[in-house]
Amino acid sequence: PSARTTVEADMQFDDSTTTQQRIFGADVSNSGNNDDFSFSVYINGNGLWASALADGQNGDWIASTIPVDTMRHLVRLSGPDKKLTVDGEDAGKHTGNVTKTGRYKLWIFNSNRTAESHPCSARLYSLKIYDGDNVVQSYIPVRTRDGQVGLLDEVSGIFRESITSTPLVAG
């Protein structure tokens, strides 16, 4: 991700919790490297929607006042607008610098961090990744004819399975 990236997820948590869970993210490690870029949406330790968006390890982390629940939501983190929205409602504005491009790939249902993991248990209905105003990836959940469950990128036609030891589950 970069300052031009926006990610929009149509999703639903399996349960409401105060355990940190990342819906998506690409963050720097906790190694003290401030030459990178933080970009993620998550449940914080208080059960609220939260996000990170800024240059460097000590990026601009914000928590909204919107509690997480088990309803279906459209969640959007916009680099160009420096804003988190939940169902179109402003959930927080970032004020940190947003100029860099991250060197870590964006992960779905977790955050690509070297020092910690916060997997997410949720249903994903769709996920779109924008570069500026252009949709560059648009994922929908699918089950192949042979029973594999994964995400199909409608832009490239590429089917992606889970890259972790935990498979994606249909339903």
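**View 1. Glu 8, a buried acid in strand β1.** In this predicted model, Glu 8 has a relative accessible area of 16%, so Glu 8 counts as buried, the cut-off being under 20%. Glu 8 belongs to strand β1. What does the side chain of Glu 8 make a polar contact with? The partner is the side chain of Arg 76, at 2.8 Å. Setting aside neighbours within four places in sequence, Glu 8 is also in contact with Leu 74 and Val 75, and further along the chain with Ser 126, Leu 127, Lys 128 and Tyr 130.

**View 2. Two arginines and two tyrosine rings.** Stay with Arg 76 for a moment: besides its polar contact with Glu 8, Arg 76 has its charged end over the ring of Tyr 130, 5.4 Å from the ring centre. Arg 72 does something along those lines with Tyr 125, its charged end sitting over that ring at 3.7 Å from the centre. Arg 72 is also the bridge partner of Gln 12, with Arg 72 on the β6 side. And Tyr 130, for its part, stands opposite Val 135 in β11.

**View 3. The open sheet, strand by strand.** Here we step back to a sheet of 8 strands, open and with antiparallel pairing. Reading across, the order is β8-β7-β6-β1-β10-β11-β12-β13. Which strands sit at the edges? Those are β8 (89–93) and β13 (159–160), each pairing on one side only. Inside the sheet, β1 (residues 5–13) runs antiparallel to β6 (residues 72–78), and 7 bridges join the two. As a rule of thumb for looking at any such view, side chains in a regular strand alternate between the two faces of the sheet.

**View 4. Phe 13 and Trp 49, an aromatic pair.** How many aromatic pairs does a search of the whole structure find? Just 1. The ring centres of Phe 13 and Trp 49 are 5.5 Å apart and the planes meet at 45 degrees, so this pair is tilted. The two residues come from distant parts of the chain, 36 residues apart: Phe 13 is in strand β1, and Trp 49 is in strand β4 (residues 48–55). Are these two buried or exposed? Both Phe 13 and Trp 49 are buried.

**View 5. Two hairpins that share β11.** Strand β10 (residues 122–131) and strand β11 (residues 134–143) run antiparallel, joined by 5 bridges. Their hairpin has 2 residues between the strands, and Gly 132 takes a positive phi near 65 degrees there. On to the next hairpin: β11 pairs with β12 (residues 149–153) in the antiparallel sense, over 5 bridges. This hairpin has 5 residues between its strands, and the turn includes Gly 147, with a positive phi of about 90 degrees. If you want a spot to get your bearings, look for Pro 141, which stands opposite Leu 151 in β12.

**View 6. Thr 85 in strand β7.** Thr 85 lies in strand β7 (residues 83–86). Its relative accessible area is 13%, so Thr 85 is buried. Beyond neighbours within four places in sequence, Thr 85 is in contact with Leu 74, Val 75 and Arg 76, and also with Asp 90 and Ala 91. Leu 74, Val 75 and Arg 76 appear among the contacts of Glu 8 as well. For a sense of scale, the C-alpha atoms of Thr 85 and Ala 50 are separated by 9.9 Å, while the two residues are 35 residues apart along the chain.

Methods
Residues are numbered from 1 along each chain as its sequence is written. This is a predicted model: local features need pLDDT of at least 70, side-chain atom pairs count only at pLDDT 80 or more; totals for chains, interfaces and linings use all residues. Side-chain values use heavy atoms; hydrogens and water are left out. Two strands pair if DSSP finds at least two bridges between them. Helices (H or I, at least four residues) and strands (E, at least two) are DSSP runs, numbered from the N terminus. Rings of Phe, Tyr and Trp (its six-membered ring) pair if their centres lie within 6.5 Å; planes under 30 degrees apart count as stacked, over 60 as edge-to-face and the rest as tilted. Buried means under 20% relative accessible area, exposed over 50%, partly exposed in between (1.4 Å probe, protein chains only). A charge sits over a ring if NZ of Lys or CZ of Arg is within 6 Å of the ring centre and within 35 degrees of the ring normal. A polar contact is a pair of N or O atoms within 3.5 Å; within protein, one must be able to donate a hydrogen and the other to accept it, and residues adjacent in sequence count only if both atoms are side-chain atoms. Contact means heavy atoms within 4.5 Å.
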